[in-house]
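Work through the exercises below with the sequence and the model open side by side. Try each task before reading its solution.

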Amino acid sequence: MQSKPYFDELETRSADARATDLARALPQQIARAQGVPGYAGALDGLDATTVTDAAALAALPVLRKSELGAAQAAASPFGGFTTKPPQDFSHIFQSPGPIYEPSSTDHDWWRMGRFLHALGIGAGDIVHNCFGYHLTPAGMIFESGARAVGAAVLPAGTGQTELQVTAARDIGTTAYAGTPDYLKVILDRAEEMGVLLKITRAAVGGGALFPSLRAEYADRGITCLQSYATADLGNIAYESPAMEGMIVDEHVIVEIVTPGTGDPVKPGEVGEVVVTTLNPDYPLIRFATGDLSAVLPGISPCGRTNMRIKGWMGRADQTTKIKGMFVRPEQVAALVARHPEVTRARVIATRKGEQDAMTVRIESTGGDTQSYADSVAATLKLRGAVEVVAPGSLPNDGLVIEDQRSYD
């Protein structure tokens, strides 16, 4: 088991040192992106040396998964977004969509080792890896992290729970990696079989970790922490034993933007997570995850100094069909952009009688209600009630489209 308090010195850098390092690494990554066909047109004419921080990134276009999928359909398998040809990667995975992701056996390519180290996993541990290895990359992501910290791996996947219990007992697995709820399935079956397992740490992801489930694991002597990762980006953020938010990985830049736009929100506001990775093989620039979160101010009590986010807070893609028409976050953003005095807007879908109804609440310091109603019709292609409210009145939950209709 590891004994060093931190994975490396990057985790405890000062803000100035981190900014200096980023100012050197980010322009190099932008230049790599400019050299791949997937970004043809999107970054043309940009002086990469001027993109040295997140503020400069905010002027660049956002890349959405739908755009990545379309590019892959036109130029299989990676859409022209990698700096190496497909045959030079060690693995090629397929996620639902389909979306294809590259992988490499290079050291900690997915950057999951940092999270496992924070959980206390290292040499001497055997990780019971219940993430899938078939087509999708989650199993390999966590195996790569285990390799980075010197731990052995049981590539278990899911299913055949009795055999999993037997293997965990016989091998002596000490840590679990998988979805939050599947560990309970294994533990309950072990209890039924009268088997005492040695698992004391759990690295989970891919699903909600409810406080009651984390508490149950703690009662069973298991420390359970979660990471936030995607198949495209690898590890984005992770919990430390301090369990105050999630610490952003040292090799990505995270922005929180208004859903449907690339515009950064105010500090503390909920918005969509947009990530730029510093992976030289796969330079994704401002990749929109479709997830909602918010920046958590301050630094973690564990001593890691990077930016923190509050964790997963819902989906940013709130596209909703109202009166037979799709209303998208981008349209709400366009509505706000029409009026300088408007700070935010929210579309609320309800039912009135047996028909859909739409109300648009607009945060504004003034303005003409009829003008707003005309803008609603022009941008959303629907008419609805308009309510003007004071700035700061709308909830800070990242929603720009709220569906209050009951389908029971």
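**Exercise 1.** Locate M243, then state its phi and its exposure.

Solution. Step 1: M243 sits in the loop between strand 9 (234–238) and strand 10 (246–248). Helices (H or I, at least four residues) and strands (E, at least two) are DSSP runs, numbered from the N terminus. Step 2: the phi of M243 is positive, near 50 degrees, and the residue is not a glycine. Most residues other than glycine have a negative phi. Step 3: M243 has a relative accessible area of 42%, so M243 is partly exposed. The cut-offs are under 20% for buried, over 50% for exposed, and partly exposed in between (1.4 Å probe, protein chains only).

This is a predicted model, in which local features need pLDDT of at least 70 and side-chain atom pairs count only at pLDDT 80 or more, while totals for chains, interfaces and linings use all residues. Residues are numbered from 1 along each chain as its sequence is written, and side-chain values use heavy atoms, with hydrogens and water left out.

**Exercise 2.** Do the analysis for Q160.

Solution. Step 1: look between strand 5 (152–155) and helix 6 (161–171), where Q160 lies in the loop. Step 2: Q160 is not a glycine, yet its phi is positive, about 50 degrees. Step 3: the relative accessible area of Q160 is 62%, so Q160 is exposed.

**Exercise 3.** Which bonds to P77 and P98 are cis, and where do these prolines lie?

Solution. Step 1: S76 and P77 are joined by a cis peptide bond, with omega about 0 degrees. P77 belongs to the loop between helix 3 (65–74) and strand 2 (91–95). Step 2: the bond joining G97 and P98 is also cis, with omega about -5 degrees. P98 falls in the loop between strand 2 and strand 3 (99–103).

**Exercise 4.** Check the length of helix 5 and its burial.

Solution. Step 1: helix 5 (residues 138–149) has 12 residues. The expected span is 1.5 Å times one less than the number of residues. That gives 16 Å, and the end C-alpha atoms are 17 Å apart, so the two agree. Step 2: 10 of the 12 residues are buried, so helix 5 is mostly covered. Among the buried ones are M140, F142 and E143. Step 3: G150 follows helix 5, with a positive phi near 85 degrees.

**Exercise 5.** Is E363 buried or exposed, and what does its side chain reach?

Solution. Step 1: find E363 in strand 19 (residues 355–364). Step 2: its relative accessible area is 2%, so E363 is buried. Step 3: the E363 side chain reaches the backbone nitrogen of G392 at 3.1 Å. Step 4: leaving aside neighbours within four places in sequence, E363 is in contact (heavy atoms within 4.5 Å) with residues including R344, V389 and G392.

**Exercise 6.** Place V295 and list its contacts.

Solution. Step 1: V295 is in strand 14 (residues 295–296). Step 2: relative accessibility is 28%, so V295 counts as partly exposed. Step 3: V295 and G268 are 27 residues apart along the chain, and their C-alpha atoms are separated by 5.3 Å. Step 4: beyond neighbours within four places in sequence, V295 is in contact with I256, G268, M307, R308, I309 and K310.

Conventions. Polar contact = N/O pair within 3.5 Å; in protein donor to acceptor, adjacent residues only side chain to side chain.
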